[in-house]
Amino acid sequence: MFVALAGESLLDAAARAGIRLPHQCKTGSCGACRARVLQGQVQGIAGALPTALTAGDIAQGQRLLCCSAAAGDLQLECAEIPHIPGIEVRKLPVRVVAMERLAPDVMRVQLQPPAGQRLHYAAGQYVDVLLPGNRRRSYSLATPAREGVDLLELHIRHLSGGFFTDQVFGKLKVRDVLRIEGPFGTFGMHTATDASAILLASGTGFAPVKALVEQLLATTSRRRITLYWGGRARQDLYLHDLCKEWEQALKGRLTYVPVLSDSPEADGWAGRMGWVHQAVLQDHPDLSQHEVYACGAPAMVNAARRDFTALAGMQSTLFFADAFVAQPG
Ligand SMILES: Cc1cc2nc3c(=O)[nH]c(=O)nc-3n(C[C@H](O)[C@H](O)[C@H](O)COP(=O)(O)OP(=O)(O)OC[C@H]3O[C@@H](n4cnc5c(N)ncnc54)[C@H](O)[C@@H]3O)c2cc1C
């Protein structure tokens with residue numbers, strides 16, 4: 001049980017009471033914080049758009065806790081995240097120890113926390129970089145936490161004119177110090193099932209997918225994974241060779257399907273073309289027995305959710321998303 005303040009999102013109210021509920025983007029785009037209202041009424045929060053819910057979800061009483069406030073006493077049905085010992089949200093200064101251009105507009109940034117202050121997190125989580133003027137920008141952690149390794153790896157795409165990414169590609173250098181807060185989010189693979197999983201990434205949406213696959217490599221799980229990675233041009237698939245290596249290492253367990261959306265001529269590309277989520281539909285006309293983990297551009301994540309549920313019988317509760325929505329400020 002928790003008490004919500006007037007106008008406060010139910011997600012924030014639960015967090016204030018120490019109750020950990022699934023969430024990711026906190027802007028209505030990813031659908032991770034869906035809950036069913038069993039009793040009572042919720043009201044929308046001004047400016048919050050629960051785009052992750054279909055009309056069918058709403059008719060079944062589902063609401064997003066990041067976009068809803070209480071309009072009186074409520075009874076909700078939703079998953080609660082078990083507390084993982086050691087995973088605590090913290091603010092940390094981190095030193096930039098390496099910067100590598102993986103593509104003309106993608107930088108791998110490695111961050112070193114202070115000695116003895118290693119950040120514990122689950123694969124699929126993200127950190128916020130804290131910036132002047134109360135601004136913050138979220139970045140997915142691109143490796144799983146590993147024993148004896150403190151470094152945090154981010155893949156940052158340059159958005160020209162962007163407040164933070166202009167700095168990353170203009171001024172930021174090795175030895176600079178950033179402040180981060182995290183880990184946040186609950187986007188992670190549900191390992192207690194053998195259901196086939198589709199990992200779907202666009203652009204730097206590959207970062208959390210990389211963490212999930214590297215975690216999988218460290219287990220004996222027999223789950224079958226198909227990884228779809230979409231970009232406009234070949235250079236957007238900035239770790240294509242690594243995916244090929246995974247395919248070899250996880251023979252029979254992981255299939256890699258790269259998909260480009262722009263004209264192939266310039267790249268000499270002989271692979272799949274089109275929108276990456278449509279490639280999934282071409283290969284899997286029936287998604288009723290699959291879990292999908294979709295990461296990256298909100299437009300891709302929303303199109304995938306809409307088309308998979310409407311055209312391929314996907315259960316919306318088995319669609320997990322990490323949508324890279326823009327942040328205010
Ligand atoms: C949970 C989460 C995880 C994320 N993980 C990553 C990650 O691993 N790698 C990564 O590169 N980014 C990631 N992002 C996006 C990132 O947080 C920033 O939004 C992005 O880097 C832009 O920051 P900026 O300050 O440079 O641009 P801003 O100054 O915020 O924006 C500049 C312009 O670009 C638009 N814009 C902002 N973000 C996007 C976007 N994603 N797509 C299209 N237009 C956009 C804005 O509307 C604005 O017009 C993540 C976002 C979320 C919510």
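Author: A strand here is a DSSP run of at least two E residues, numbered from the N terminus. Bear in mind that this is a predicted model. The biggest part of the shell around the ligand, four residues, comes from strand S9.

Reader: What makes a residue part of the shell around the ligand?

Author: One of its heavy atoms has to lie within 4 Å of the ligand. There are 20 residues around the ligand, with Arg 137, Ser 138, Tyr 139, Thr 165 and Gln 327 being the closest. Strands S9 (135-140), S10 (152-157) and S17 (319-323) each put in at least two shell residues. Sorted by class, you get ten nonpolar, seven polar and three charged residues.

Reader: Why is the pair between Tyr 139 and the ligand called a polar contact?

Author: The cut-off is 3.5 Å between N or O atoms. A polar side-chain atom of Tyr 139 sits 2.6 Å from a ligand oxygen, so the pair counts as a polar contact. Thr 165 also uses a polar side-chain atom, at 2.7 Å from an oxygen of the ligand. With Phe 164 it's a backbone N or O atom, 2.8 Å from a ligand oxygen. As for cover, the protein takes up 78% of the 920 Å² of accessible area that the ligand has on its own.

Reader: Why do you say the ligand lies between two domains?

Author: Both domain 2 (90-184) and domain 3 (197-323) give residues to its shell, so the ligand lies between them. The protein also has a domain 1, residues 10-77.

Reader: How do you know that domain 1 and domain 3 are in contact?

Author: Contact calls for heavy atoms within 4.5 Å. The C-alpha centres of these two domains are 28 Å apart, yet the contact takes ten residues from domain 1 and eight from domain 3. Between them they bury about 700 Å², 43% of it on carbon and sulfur atoms. Ser 29, Cys 30 and Arg 34 supply 48% of what domain 1 buries against domain 3, more than any other three residues.

Reader: What makes the backbone at Lys 26 and at Pro 183 worth a look?

Author: Most residues other than glycine have a negative phi, and most peptide bonds are trans. Lys 26 isn't a glycine, yet its phi is positive, about 60°. You'll find Lys 26 in the loop between helix H1 (10-16) and strand S1 (34-39). Gly 182 and Pro 183 are joined by a cis peptide bond, with omega about 0°. Pro 183 belongs to strand S11, residues 177-184.

Key. Residues numbered from 1 in each chain as written. Predicted model: local features only at pLDDT ≥ 70, side-chain atom pairs only at ≥ 80, totals over all residues. Heavy atoms only, no water. Polar contact = N/O pair within 3.5 Å; in protein donor to acceptor, adjacent residues only side chain to side chain. Areas by Shrake-Rupley, 256 points an atom, 1.4 Å probe, with all protein chains shown as cover. Nonpolar A, V, L, I, M, F, W, Y, C, P; charged D, E, K, R; others polar. Domains from an automatic or database assignment. Buried area = accessible area lost by both parts, 1.4 Å probe.
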